[in-house]
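Please open the model in your viewer and keep the sequence panel at hand, since the stops that follow are selected by residue.

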Amino acid sequence: MSDIAATARPVSIPVSPIPVAEVLPWAVFAGLMLLLAVYFVGAEQGATSLFSGSAVHEFVHDGRHLLGFPCH
């Protein structure tokens, strides 16, 4: 038997730059939605309340405790 060594060539994966101009609007939108969600979970029904009553507070009550926001 003869010894034949197979040499593996490294696979070159083409690397393309991330299109920041296409990603930036979605990142800004996601950031605004995240801030809105944090507001409703953390601050709604407090001093900066936008809605009267306790409907929003009761809707996000368990989420407040899960995230560590005091509410009562």
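Is Trp26 buried or exposed? Select Trp26 in this predicted model, and the side chain proves to be exposed, with a relative accessible area of 62%, where anything over 50% counts as exposed.

Next, add Phe29 to the selection, which lies with Trp26 in helix H1 (residues 20–42), 3 residues away and thus about one turn of the helix apart. Phe29 counts as partly exposed, at 44% relative accessibility. Show the two rings together: the count of aromatic pairs comes to 1, and because the rings of Trp26 and Phe29 have their planes at 90 degrees, with their centres 6.3 Å apart, the pair is edge-to-face.

Now widen the view to the surface, where Trp26 and Phe29 join Ile18, Val20, Val23, Leu24, Val28, Leu32, Met33, Leu35 and Leu36 in making a nonpolar patch of about 1200 Å². Within this patch, pick out Val20, which lies in helix H1 and is exposed, with a relative accessible area of 55%.

For the last stop, move along to Ala37, another residue that lies in helix H1 and that counts as partly exposed, at 40% relative accessibility. With Ala37 still selected, add Val60 and draw a distance between the two C-alpha atoms, which are 9.9 Å apart in space, while the residues themselves are 23 residues apart in sequence.

Note on methods
Residues numbered from 1 in each chain as written. Predicted model: local features only at pLDDT ≥ 70, side-chain atom pairs only at ≥ 80, totals over all residues. Heavy atoms only, no water. Phe/Tyr/Trp six-rings, centres within 6.5 Å; stacked < 30°, edge-to-face > 60°. Helix = DSSP H or I, 4+ residues; strand = E, 2+ residues; numbered from the N terminus. Buried < 20%, exposed > 50% of the residue type's maximum accessible area, 1.4 Å probe, protein only. Patch = residues over 30% accessible without salt bridge, like charges linked within 9 Å, V, L, I, M, F, W, Y side chains within 5 Å. Areas by Shrake-Rupley, 256 points an atom, 1.4 Å probe, with all protein chains shown as cover. Salt bridge = Lys/Arg side-chain N within 4 Å of Asp/Glu carboxyl O.
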